[in-house]
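Visitor: I have a model open and would like to learn how to read its features. Where do we start?

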Amino acid sequence: MRYRDLPADHFTPEPYARLSMPPTGKMGDVSISPGGDVTWSAFLPDRSSLIFTEGGAALRLHPAGAAAFRFPLVQHFVDGRWLVVEVRTDPTTPNAFVFDSNLRLSHAFYVGDGIQTVLLDGKGKIWIGYFDEGVFGAFNPMPPEGHLSYRYGPSGLVRCDDRGNVEFSYNTQHPERSISDIQAMTLDEADWAWFCPYTDFFLATTNGGDVNYVLPRAPVSLEDALSVGPEYFAFFGGYQRSSMIAIVHRASQRLRLIQLHKPNGDTLSPVRFATRGARAIAVSDDNLFRLDHQVLLGALGPWTDANTSDVASAVQYLNEEESYSDSYLISPGNGAERVSGKPRPNGNPPRHDKDTGL
């Protein structure tokens with residue numbers, strides 16, 4: 001079946017826990033640590049934050065010289081230590097903090113600005129993916145040659161030790177397919193990093209040396225999260241599809257769509273996701289939902305030609321959709337020239353969360 005015509009299976013997941021959240025707090029980041037702990041942060045009106053665990057405990061972690069973290073990404077080491085990374089920093093201020101199991105600050109170090117994702121692997125290595133301001137911000141204004149910031153954000157994706165020493169630098173070591181923004185990233189059970197970056201949205205994996213380009217293009221653009229198991233990939237969210245999941249059978253590259261719903265039939269949106277391997281947690285309306293591969297496959301039932309499409313058809317659809325958009329051609333000396341895309345055919349609307357009954 002063509003991807004454009006593929007109906008989405010409706011699924012209403014059951015919440016398994018409630019978020020601990022101050023009455024005036026707003027949801028920040030949510031993540032899964034290598035031992036399986038789920039943590040999240042809450043932003044407060046004074047622009048400080050609190051960090052919570054799945055068990056309901058509030059972590060009183062503070063950076064050196066400050067009362068609270070502002071935009072923290074949190075991971076729990078297997079040995080009991082904690083890692084907290086601030087998303088934004090200046091070119092010199094340390095923004096990664098390691099706390100011992102008693103929540104006492106051990107040491108801090110610099111890991112760059114504009115951080116999208118931080119994940120610890122089972123060996124205590126730190127994987128960091130950057131968004132575009134981290135990748136390109138170091139060049140505006142241009143810092144002096146050899147500046148510390150060049151080792152981190154401009155790399156797009158790095159692996160470092162628990163002191164911030166870089167052991168893998170994607171854009172430096174693999175400039176042939178550079179990263180502008182890590183759109184989605186996860187770690188599998190063998191501690192390989194899987195990532196789907198902007199602008200090409202390819203799917204690749206690395207162990208900190210070799211890089212395997214698994215899909216030339218993923219079947220989703222601007223996805224929010226990615227989960228990886230031995231038999232399936234799952235891509236969560238995407239452009240105009242915040243509560244849609246595309247799940248791909250790795251061997252056949254057949255694909256199905258799952259639309260998340262509330263019990264009243266409304267879409268389960270907005271949604272935040274955290275993943276690790278085949279595990280996935282969704283957060284919506286202050287509830288936590290499990291969306292592991294086992295849960296998703298149980299909701300789908302048997303796969304047939306009549307209820308599946310394939311990755312190639314989904315990519316063709318994405319290419320068609322991009323061709324209907326306006327594009328811009330930069331003409332030196334004349335500014336930006338607007339170039340119209342192809343007219344959209346009648347009766348050919350884009351897919352989004354409201355159109356799952358196709």
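Guide: With a helix and its length: the expected span of a helix is 1.5 Å times one less than its number of residues. Keep in mind that this is a predicted model.

Visitor: What does helix α4 reach from its first C-alpha to its last?

Guide: Helix α4, residues 311–323, reaches 19 Å with its 13 residues, close to the 18 Å expected.

Visitor: How do I read the sides of a helix?

Guide: An α-helix has 3.6 residues a turn, so residues three or four places apart point the same way. In α4 the buried residues are V311, S313, A314, V315, Y317, L318 and E321. They pack against the strands β21 (244–249), β22 (254–260) and β26 (309–310).

Visitor: Which residues form a nonpolar patch on the surface?

Guide: Y198, L222 and Y239 do, with about 310 Å² of accessible area together. Y239 sits in the loop between β20 (232–236) and β21. Exposed means over 50% relative accessible area; Y239 counts as exposed because its value is 55%.

Visitor: And a residue in a strand, such as T39: is T39 buried or exposed?

Guide: Buried means under 20%, and T39 has a relative accessible area of 2%, so T39 is buried. T39 belongs to strand β4, residues 38–43. Leaving out residues up to four places away in sequence, T39 touches D29, V30, S31, F52, T53, V74 and W82.

Visitor: How many disulfides are there?

Guide: A disulfide is a covalent bond between the sulfur atoms of two cysteines. Counting sulfur pairs within 2.5 Å gives 0 disulfides. As for individual cysteines, C160 is buried at 0% relative accessible area, and C196 is buried at 0%.

Note on methods. Residues numbered from 1 in each chain as written. Predicted model: local features only at pLDDT ≥ 70, side-chain atom pairs only at ≥ 80, totals over all residues. Heavy atoms only, no water. Helix = DSSP H or I, 4+ residues; strand = E, 2+ residues; numbered from the N terminus. Buried < 20%, exposed > 50% of the residue type's maximum accessible area, 1.4 Å probe, protein only. Contact = heavy atoms within 4.5 Å. Patch = residues over 30% accessible without salt bridge, like charges linked within 9 Å, V, L, I, M, F, W, Y side chains within 5 Å. Areas by Shrake-Rupley, 256 points an atom, 1.4 Å probe, with all protein chains shown as cover. Salt bridge = Lys/Arg side-chain N within 4 Å of Asp/Glu carboxyl O.
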